[in-house]
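Got your viewer open? Let's take a short walk through this model, one selection at a time.

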Amino acid sequence: GKGAGGGRRAPTCAEHDPESYSMYCGSCRTPVCCRCLEEGKHSQHDVKALGAVWKQHKAQLSQALNGVSDKAKEAKEFLVQLKNLLQQIQENGLDYEACLVAQCDALVDALTRQKAKLLTKVTKEREHKLKVVWDQINHCTLKLRQSTGLMEYCLEVIKENDPSGFLQISDALIKRVQVSQEQWVKGALEPKVSAEFDLTLDSEPLLQSIHQLDFIQMKCRVPVTVPPVPLLQLEKCCTRNNSVTLAWRMPPLSHNPVEGYILELDDGDGGQFREVYVGKETLCTIDGLHFNSTYNARVKAFNSSGVGPYSKTVILQTSDVAWFTFDPSSAHRDIVLSNDNQTATCNSYDDRVVLGTAAFSKGVHYWELHVDRYDNHPDPAFGIARINVVKDMMLGKDDKAWAMYVDNNRSWFMHCNSHTNRTEGGVSKGATVGVLLDLNKHNLTFYINGQQQGPPAFENIEGVFMPALSLNRNVQASL
């Protein structure tokens, strides 16, 4: 057939002109004519029809081209992506620069404000010193003027030649001169302030922090080490009754990760520290401590590398006297509280229990309940209980409470449903019941209108106790 050139004559065999190529020798990878085959050079070779091999090679080239074409398309898309990346890098760079400038400006502003505050302190100190010195100058000038006047007068008197005239005034003058001399007491001729200012600014740590100011990702290449010392936030640490609250934070610019904290407290008596909290919070309240005790607390942080050093120790003093009210959160649901939770009654004809908000474990504690209402001979019970006391029956029927129950002319002690020590003297409206819990002697004593009811009701009691009361709807009592 015709070649690619349209009207061009098909090429002829280089060796056998004017024969045209009609076959293709696969072994020699070249087109051949009939005579090439006849003369034997290619007779043993792998020879195929020219057209068939032409089509096959065309198809192979096409296929290879498709592969290149796909890669070229991908390369074009990649160039677009790279150009977008250039744009993003430019924009992000500007954003980060703006952010950095704002952060550094904020630091500079803070420093400028602090500088103004510190300058005010220096000015105040200077004005104070100047005032003190001016006061001394004025005082000293006045005294000097008085002394000089006296001296001049005395010199005139000494010149006087009349002995009797001189002796009439000399005694008084000698006294005045001596008094004048005595007014220059020790220290009167010393400045009250020094010229030096006792103000030293320790800027070194801040300077170090400024030198270490860096982006956090740079620091991530540093191997993780244990966390630094937590800082106790003393302004947030406090005590209320017999509970203490502690707060802490990590120092600024600390890049080591923190997984949690361990809070330790001693026994309130200078004894061993023990763990009271482990977790991620930075604020913790510990309840049920001893009243009138001094506790030491400290905290440390931990991460995958281990436990960091302890914070400084903070000293916390619990209240010496317990102030408590009735506790609505633990009371039986039939209990009705009023008067800021200081007055209790009940919806039910059955006895129901309510506890106080304080827990006692040592020391001596006394509280009183006023009987506001008392109808139909109910038997209210007064005493102490553990937090898990049964709430739906009279106080003292289980082993978690120690109580005195009363009617209008007698009282009994009750614990584990066992009744002991019946004593004359009951309650009516207006009566006062006193409870004395002495955890130094480990006993419990009851009073009605100031009279002790029998011997101490219970001996050998130990543990943590809360004030407790049981009553039904016929009684109302107030702390």
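## The tour

Start by selecting residues 303–479, where UniProt, in an unreviewed entry, places the feature "domain: B30.2/SPRY". Keep in mind as you look around that this is a predicted model. The span 303–479 is 0% helix and 45% strand, and its end C-alpha atoms lie 49 Å apart.

Next, go to the sheet formed by β1, β2 and β3. Its three strands follow the order β2-β1-β3, pair in the antiparallel sense and make an open sheet. Select 30–32 for β2 and 47–49 for β3: these strands stand at the edges, and each has a single partner strand, so one side of each is left without a neighbour in the sheet. On average, and ignoring direction, neighbouring strands here are turned by 35 degrees against each other.

Now add residues 23–25, which are strand β1; its antiparallel pairing with β3 runs over three bridges. To see the two strands face to face, show Cys-25, which stands opposite Val-47 in β3.

What lies across these strands? Select 50–159: this is helix α2, which lies across β1, β2 and β3 and runs at about 85 degrees to β3.

Finally, bring in helix α3 at residues 163–182, whose axis comes within 11 Å of that of α2, the two crossing at roughly 155 degrees. With an angle over 145 degrees counting as roughly antiparallel, α2 and α3 are therefore roughly antiparallel to each other. Their crossing is left-handed. Show side chains for the contact, including Leu-150, Tyr-153 and Val-157 of α2 and Phe-166, Ile-169 and Arg-176 of α3. The residues of this contact divide into nine nonpolar, two polar and one charged.

Methods:
Residues numbered from 1 in each chain as written. Predicted model: local features only at pLDDT ≥ 70, side-chain atom pairs only at ≥ 80, totals over all residues. Heavy atoms only, no water. Pairing = 2+ DSSP bridges. Helix = DSSP H or I, 4+ residues; strand = E, 2+ residues; numbered from the N terminus. Axes fitted to C-alpha atoms, helices over the stretch in contact; angles between N-to-C directions. Contact = heavy atoms within 4.5 Å. UniProt positions renumbered as here; feature names shortened; annotations may be inferred. Parallel < 35°, antiparallel > 145°, perpendicular 65-115°, else oblique. Left-handed = near helix turned anticlockwise from the far one by under 90°. Nonpolar A, V, L, I, M, F, W, Y, C, P; charged D, E, K, R; others polar.
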